Amino acid sequence: MSAEKKRLAFFILSSAAFALLILLSYMLYNSTERVVMDSLQNKIQIPFQRHIMLPVFFQGQFAQKTAIQDSFLFHPSEDLSNLWVKVNDKILMRRLGFHDTRNSSYPSVVFNCMYDDRPELPHLRKLYSLLTFTNGLAACYPLEYWASCGGHPAARNRSVEIYYNYILRTESSIPEPPLHGQISFDPECRSLSKTIPIKDNTTNKNYTYAVCLHKSIYNLTEPEMLVHWVELNLALGVEFMTIYLQNGYIPESYYKLMIPYIKRGIVEVLDWGLRPPVIPGYTKFWGQTAVINECLYRNMYRVKYLGLYDIDEFIIPQKLKTIPELLKEVEANSIEATASSSYVARNVFYYDRQKALPELKQQYANDTIAQCPGMKLPRYYTFTVRNDFDHLQHRYNKIIIKTAAVIAVWTHWTRKWMNGYTGEYHLSTDDALVQHYRIPDKYPLTNFNVTTFSMSRYFNETLKGIIRNICTL
């Protein structure tokens with residue numbers, strides 16, 4: 001036989017063997033699909049509306065995604081268009097979903113949605129999600145509007161709150177964590193959005209108390225304020241902090257100041273990106289409510305108590321030094337506190353009236369601050385005059401939530417919580433205050449009749465950290 005005929009015979013035999021291999025794989029897939037489907041249906045206990053089974057040799061690409069569930073959200077993001085999924089001109093989903101297993105009898109998949117619902121109220125669009133699992137199986141599930149966050153209609157118009165925040169979840173229990181989901185208006189999920197990775201409940205952290213900066217940073221002019229915020233929170237017993245940056249609206253200097261804290265594993269900085277061209281124009285604080293609720297869900301397995309407040313305010317214990325000490329004492333002495341889903345503290349504005357902390361006059365402080373010429377001092381060193389407790393300002397309370405309990409949270413209180421918990425527990429003004437160091441003055445015509453140096457407790461500790469992280473740049 002000639003060499004050419006040998007090559008032809010080898011090609012024919014090889015092609016036949018490959019075709020046989022494909023046929024056997026397909027037969028094996030068909031024979032096992034029913035077993036896989038029956039097993040998953042028994043776990044989920046619903047009829048599937050639509051399912052897809054991917055061949056075995058394609059499934060590895062999905063398994064690889066588990067290692068990068070949310071890495072693309074961290075600053076600096078490689079592609080800002082990946083931060084949000086546009087379902088249509090009115091509906092956007094943050095490009096990270098969550099497998100919520102806090103209720104063991106009803107584990108579900110949760111999505112964080114921003115919705116310009118004004119033309120459609122009271123009828124919201126029905127949405128569905130195609131969920132893809134680690135074994136390659138995909139199924140279509142209806143979603144429900146589980147909770148909502150935002151102002152009432154009059155307040156929305158006044159504050160330009162174009163997009164309302166909705167927490168969506170699967171209507172059926174999802175025991176197994178999916179790899180990703182896609183959003184659709186179609187009950188059979190035939191027309192789909194981009195994929196949204198699903199974060200599972202695994203964590204190697206176990207923090208007692210963490211905080212989130214409760215809106216993305218976009219309009220500040222003093223980067224060192226972020227260092228002041230981090231250092232005081234550390235002194236207050238905070239173990240971990242989550243910060244969002246509004247891409248393109250904030251100098252890179254804010255992020256650079258956080259790099260030492262990121263390296264220490266105590267701060268994470270994520271990109272937010274809810275701005276044009278993702279949305280047509282401004283919406284209240286560029287989606288503050290969605291920031292707050294994403295921070296809840298990304299921390300629900302690694303944090304017990306989560307504080308939510310702004311860069312110029314802090315929840316300060318009035319007798320004890322740290323928040324964990326305060327909450328431990330409150331829960332030891334109150335059944336109501338133990339049953340609550342969250343804690344709120346009353347707000348009080350502090351003002352700059354030329355009465356700084358006495359520690360600033362000490363030689364040690366002068367020598368230390370001299371190491372950093374031109375450094376701006378924290379407002380909590382120089383603002384010591386505040387109002388009494390009988391003023392309108394106290395409506396502006398801030399909140400610490402129990403992550404195991406809360407479904408949705410707004411700026412000042414919880415909107416919905418799990419069965420078995422109650423609403424907010426109000427901390428007394430003897431126990432804690434929200435000390436708010438705002439510029440310019442808010443309510444400047446009230447009586448400034450209280451001067452307090454309670455922040456002296458944190459002076460030495462915070463000053464060392466501030467000098468170390470600002471003056472070495």
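Helices and strands are runs of residues assigned by DSSP, with at least four residues for a helix and at least two for a strand, and both are numbered from the N terminus. With these labels, Q246 can be placed in the loop between β12 (240–245) and α5 (253–263). The model described here is a predicted one.

## Overall make-up

The protein contains 11 helices and 24 strands. Of its 473 residues, 54% are buried. Contacts between residues at least 6 apart in sequence mostly span long stretches of chain: 79% of them join residues at least 24 apart. The exposed area of the protein is about 21,700 Å², and carbon and sulfur atoms supply 56% of that area.

## The largest pocket

Rolling a probe the size of a water molecule over the atoms shows where empty space is left. The largest pocket holds about 1,100 Å³ of space. It is lined by 39 residues, and those closest to its centre are K215, F285, D310, R438 and K442. Which element gives the largest share of this lining? That element is helix α3 (residues 153–159), which supplies 4 residues. By residue type, the lining of the largest pocket divides into 13 nonpolar, 12 polar and 14 charged residues.

## Two buried residues and their contacts

Is Q246 buried or exposed? A residue counts as buried when its relative accessible area is under 20%. Q246 has a relative accessible area of 0%, so Q246 is buried. Leaving aside residues up to four places away in sequence, Q246 touches S216, I217, Y218, W272, G273, L274, R275 and W286.

L213 belongs to strand β11. The relative accessibility of L213 is 1%, so L213 also counts as buried. With residues up to four places away in sequence left out, L213 touches L226, W229, T242, I243, V291, Y309, D310 and I311. One of these contacts, I243, lies 30 residues from L213 in sequence, while the C-alpha atoms of L213 and I243 are 5.4 Å apart in space. Another residue touched by L213 is D310, which is also among the residues closest to the centre of the largest pocket.

## Disulfides

How many disulfides does the structure hold? There are 3 disulfides in the structure. The table lists each bonded pair with its sulfur-to-sulfur distance and the torsion about its S-S bond.

| Pair | S to S distance | Torsion about the S-S bond |
|---|---|---|
| C140 and C189 | 1.9 Å | about 70 degrees |
| C212 and C295 | 1.8 Å | -85 degrees |
| C372 and C471 | 1.9 Å | -120 degrees |

Why is the disulfide of C140 and C189 right-handed? The torsion about its S-S bond is about 70 degrees, so the disulfide is right-handed. This pair links distant parts of the chain, with C140 in strand β7 (residues 137–149) and C189 in the loop between β9 (180–184) and β10 (196–199), 49 residues apart. C140 has a relative accessible area of 2% and is therefore buried. At 0% relative accessibility, C189 counts as buried too.

The link of C212 and C295 is left-handed, with -85 degrees about the S-S bond. C212 lies in strand β11 (residues 207–213) and C295 in helix α6 (residues 288–299), so this pair ties together parts that are 83 residues apart in sequence. C212 and C295 are both buried. Strand β11 is also where L213 is found.

The link of C372 and C471 is left-handed, with -120 degrees about the S-S bond. Its two ends are 99 residues apart: C372 is in the loop between α9 (363–369) and α10 (379–382), and C471 is in the segment after α11 (459–470). C372 has a relative accessible area of 9%, so C372 is buried. The relative accessible area of C471 is 26%, so C471 is partly exposed.

What is the pairing when the bonded cysteines are numbered in sequence order? The pairing is 1-2, 3-4, 5-6.

Two further cysteines can be placed by their accessibility. C113 has a relative accessible area of 0% and is therefore buried. C149, at 0% relative accessibility, likewise counts as buried.

Terms used
Residues numbered from 1 in each chain as written. Predicted model: local features only at pLDDT ≥ 70, side-chain atom pairs only at ≥ 80, totals over all residues. Heavy atoms only, no water. Buried < 20%, exposed > 50% of the residue type's maximum accessible area, 1.4 Å probe, protein only. Contact = heavy atoms within 4.5 Å. Areas by Shrake-Rupley, 256 points an atom, 1.4 Å probe, with all protein chains shown as cover. 1 Å grid on protein atoms, 1.4 Å probe; cavity = no way out; pocket = protein on both sides within 12 Å on 5 of 7 lines; lining within 4 Å. Points joined across faces, edges and corners; volume = space filled by probe spheres on them. Nonpolar A, V, L, I, M, F, W, Y, C, P; charged D, E, K, R; others polar. Disulfide = S-S within 2.5 Å.
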